[in-house]
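I opened the notebook with two things to look up: what packs inside, and which charged side chains pair. Entries follow.

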Amino acid sequence: MEDIDAMFTDLLGEMDLLTQSLGYETDSSEISSSSSQIENNFSIGFTDLKESLNELEDHDLDALMADLGSDLTETEETLNAAKTGHVHTQQHKSGLYTPQQNVQAPIPSSSSSLPPEPSEPLLAGEAEAQAKADKIKLALEKLKEAKVKKLVVKVMMSDGSSKTLMVDERQTVRDVLDNLFEKTHCDCSMDWSLCETNPELQAERGFEDHEYLVESLSAWTRDSENKILFLLRPNKYLLFKDPQIFYLWKKHKQFMNEIKECHKELLLKEHFEGPSVIVPDLEGPLYLREDRKKSWKRRYFLLRASGIYYVPKGKTKTSRDLACFIQFDKVNIYTTTDYKQKYKAPTNFCFILKHPQIQKESQYIRFLCCDDEHTLSLWVNSIRVAKYGATLYHNYQKAVRRALTTTSTLHVTSLPVSSPPTHSTGHIATVRANGHPDQDDFSEPPPDFIPPPPPGWSSGV
């Protein structure tokens, strides 16, 4: 059987030659780096593309082939038209032209005219393996020519197992979650989340439902050990389940625990359904790990819609005295694990803010530490509101509708089937708008089936 990886490398080389033949001037170092990046971007969580395609279930592989095939025809026409135009231009420039009719076909040799030797029949298992190998070869070829970027992604489950998915650049995290619901047959709770973990930084974050997964994964480096997890995260939409925790955080805990559902709805409407989203006015002391130092210093921080600010030494909390610590447009927020041991943090309730392409320790990562878990939850969720705004609220509403739709479907399918009536009727009682049947429908209708007369009975008797 032909080596899949070798064929994949050859296909990448043919793509480079095609690019050069179309007249593009590209540096050789750029070509090699882009080729390696292209190869890496076809699979996440696997050592190579062959392994990832082998992990796909048969129906997923067939769906991939059909999807890629829809793009193949148009791509081939575009490439052929561009290549033909380039060849004609080169011929006119050089003054050479070879008519089609002057080209003679080579004379076949006697050995080539002999019929091929019959191949040995394959066993059932070998035939299935060969069929899948052929599909993988064709998929490799089509992946190079696809207009839409696609990734084969390994998603880890909470029990240690994994699922392999084909994800394209048009799919959001919400779409991938729906796909996982079908594959795992789990409930569609709004708490399910896709998370990325970074073992080197001992950090993780939950992808937001509106994010395009391929775009987020493309920021990972080629040698990254990051993983994607499918987990239940009860705090994913805690801010919308209990908004009083974040918008009334200065109030007494007993007051927040006794708040009614109608008041929660009013809080959401006031802060998320107005002309602009209102960010929680969070502020308080946090520990900051200073650049290139192992020490953590306690500073007073304030959250604003544009970023996090702090009060310099000897200054007040007035707006003119605040100094900008970081803005949210280019960074994501990650929670961490065991930073008390890794970085000698005051507690293990830490979070970091970094650019998604930073995968290793860097001076551009901002480290912050909280006193307790409650404070950590306040800052992490409030920062998400400041960064994503109304989009986060729309994600929550979609997740609620998805969960309610599934619940109602399960309720309908689980209803007991009523036993058929003892007498046969060809008439169904009509029901009024108030749910009660019409009075006329209580009369017994004439039977549809008249039994035959008893033996020996005749019309003359």
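I first fixed a term: a polar contact is a pair of N or O atoms within 3.5 Å. I applied that at the start of α13, where a side-chain oxygen of Asp 372 comes to within 3.3 Å of the backbone nitrogen of His 374. I kept in mind that this is a predicted model.

Next I checked the length of α13. Its 16 residues, at 1.5 Å each, should span 22 Å, and the end C-alpha atoms lie 23 Å apart, which agrees. Just past the helix, I noted a positive phi of about 65° at Gly 389.

Is α13 enclosed or not? I found twelve of its 16 residues buried, so the helix is largely enclosed by the rest of the structure. Among them are Trp 379, Asn 381, Ile 383 and Arg 384.

Then I turned to the largest nonpolar core, which has 37 residues. Phe 240, Leu 303, Ile 308, Phe 351, Trp 379 and Ile 383 touch the most other members. Helix α13 gives the largest share of this core, eight residues. I also logged a second, separate core of 21 residues, including Met 157 and Val 176.

Last, I went through the salt bridges, 16 in the structure. Asp 178 and Arg 402 pair at 3.0 Å, N to O. This links helix α6 to helix α14, across 224 residues. Arg 402 has 25% relative accessibility, so I list it as partly exposed. Both belong to a salt-bridge network with Arg 174, Asp 209 and Lys 236.

I also noted Lys 264 with Asp 242, at 2.8 Å, N to O. Lys 264 is buried, at 11% relative accessible area.

Terms used
Residues are numbered from 1 along each chain as its sequence is written. This is a predicted model: local features need pLDDT of at least 70, side-chain atom pairs count only at pLDDT 80 or more; totals for chains, interfaces and linings use all residues. Side-chain values use heavy atoms; hydrogens and water are left out. A nonpolar core is a set of buried Ala, Val, Leu, Ile, Met, Phe, Trp, Tyr and Cys residues joined through side-chain atoms within 4.5 Å. Buried means under 20% relative accessible area, exposed over 50%, partly exposed in between (1.4 Å probe, protein chains only). Helices (H or I, at least four residues) and strands (E, at least two) are DSSP runs, numbered from the N terminus. The expected span of a helix is 1.5 Å times one less than its number of residues. A polar contact is a pair of N or O atoms within 3.5 Å; within protein, one must be able to donate a hydrogen and the other to accept it, and residues adjacent in sequence count only if both atoms are side-chain atoms. A salt bridge is a side-chain nitrogen of Lys or Arg within 4 Å of a carboxyl oxygen of Asp or Glu.
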